[in-house]
Amino acid sequence: MKRRCLVLAAAAASTAVVMPPAWSHHGWSSFDQDRPLYLEGRVVSARWQNPHAELMIEVSPDLKVPADLAKRPLPAQSAPVDGPGLLAKATVPRRNDRQWELELAPLTRMEAWKVQEIKPGTRISAVGFTSKDEKGDAVMRVEYLFVDGKAYGLRSSPA
């Protein structure tokens, strides 16, 4: 019995080591929350799965922060987030990647916000955070998502 437990534990450990890095999950701490970014573009692909939904978007080379971004109405959410402050500070990325991966919220939170599954071809915009000094992959953790004239606060549940 003891040997069987050891074999099962070894098998489980070796499986965990071979999992692709994309399966790992990370919190907000790996993102630079002092510098919100603005992105908008056309959805190229979507993955509606846990640990969080993901969108790959194609960004225009002449991306600019819209003049009205800071005035957009934002929904109330259960986390204390200074939404207007984030929108007012948002800038476009310094890097020139044309495709960005957007990490959204877990599916249960997307359902709480009543966000319909986003399909390729949909135009969206978002405010969120990337890594410090924009190093690494072009990945943004979305704080606010704008789809079809609606705003969603993805840090927490609706208030």
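## Gln99 and its surroundings

Leaving aside neighbours within four places in sequence, Gln99 is in contact with Val44, Met56, Ile57, Glu58 and Ala138, where contact means heavy atoms within 4.5 Å. This is a predicted model, in which local features need pLDDT of at least 70 and side-chain atom pairs count only at pLDDT 80 or more, while totals for chains, interfaces and linings use all residues. Residues are numbered from 1 along each chain as its sequence is written, and side-chain values use heavy atoms, with hydrogens and water left out.

Gln99 lies in strand S3. At 38% relative accessibility, Gln99 counts as partly exposed, a class that falls between buried (under 20% relative accessible area) and exposed (over 50%), judged with a 1.4 Å probe on protein chains only. Gln99 also comes within 9.0 Å of Gly41, C-alpha to C-alpha, although 58 residues separate the two in sequence.

## The chain as a whole

The protein chain holds 3 helices and 6 strands. Both kinds of element are DSSP runs numbered from the N terminus: helices are H or I with at least four residues, and strands are E with at least two. Read from the N terminus, the order is α-β-β-α-β-α-β-β-β.

Of the 159 residues in the chain, 36% are buried. The accessible surface comes to about 9,300 Å², and carbon and sulfur atoms own 56% of it; such areas come from the Shrake-Rupley method with a 1.4 Å probe, and for residues only the protein chains shown count as cover. Among contacts with a separation of 6 or more, 75% link residues 24 or more positions apart.

## Strand S5 and its partners

Strand S5 covers residues 139-147, and 9 of its 9 residues are buried, so the strand is largely enclosed by the rest of the structure. It is a good strand to follow through the model, as it pairs with S3, S4 and S6. Two strands pair if DSSP finds at least two bridges between them.

With strand S3 (residues 99-103), S5 runs parallel over 3 bridges, and Glu103 has Arg141 as its bridge partner in S5. With strand S4 (residues 123-129), the pairing is antiparallel over 6 bridges; here Val127 is matched with Tyr144 of S5. Strand S6 (residues 150-153) is also antiparallel to S5, joined to it by 4 bridges. Val147 stands opposite Lys150 in S6, and Phe146 stands opposite Ala151 in S6. The hairpin of S5 and S6 has 2 residues between the strands, and in it Asp148 takes a positive phi near 50 degrees.

## The nonpolar core

In soluble globular proteins, nonpolar side chains tend to be buried together. A nonpolar core here is a set of buried Ala, Val, Leu, Ile, Met, Phe, Trp, Tyr and Cys residues joined through side-chain atoms within 4.5 Å. The largest one has 38 residues, and those touching the most other members are Ile57, Trp100, Leu102, Leu104, Ile124, Leu145 and Leu154. At least two residues of this core come from each of S1 (37-47), S2, helix H2 (83-89), S3, helix H3 (107-112), S4, S5 and S6. S5 gives the most, with 7 residues.

Trp100 is worth a look in the viewer. Beyond its neighbours within four places in sequence, Trp100 is in contact with a list of residues that includes Leu37, Leu39, Ile57, Pro93, Arg95 and Val139.

## Charges over rings

The charged end of Arg95 sits over the ring of Trp100, 5.5 Å from its centre. A charge sits over a ring if NZ of Lys or CZ of Arg is within 6 Å of the ring centre and within 35 degrees of the ring normal. Arg72 is another case, lying over the face of Phe146 at 4.8 Å from the ring centre.

## Two charged residues to compare

Glu54 is found in strand S2 (residues 54-59). It counts as buried because its relative accessible area is 12%. Apart from neighbours within four places in sequence, Glu54 is in contact with Ser45, Ala46, Arg47, Glu101 and Leu102.

Lys64, by contrast, has its place in the loop between S2 and H2, and its relative accessibility is 60%, so it counts as exposed. Not counting residues up to four places away in sequence, Lys64 touches Tyr38 and Val92. Lys64 and Val92 are 28 residues apart in sequence, with their C-alpha atoms 6.4 Å apart in space.
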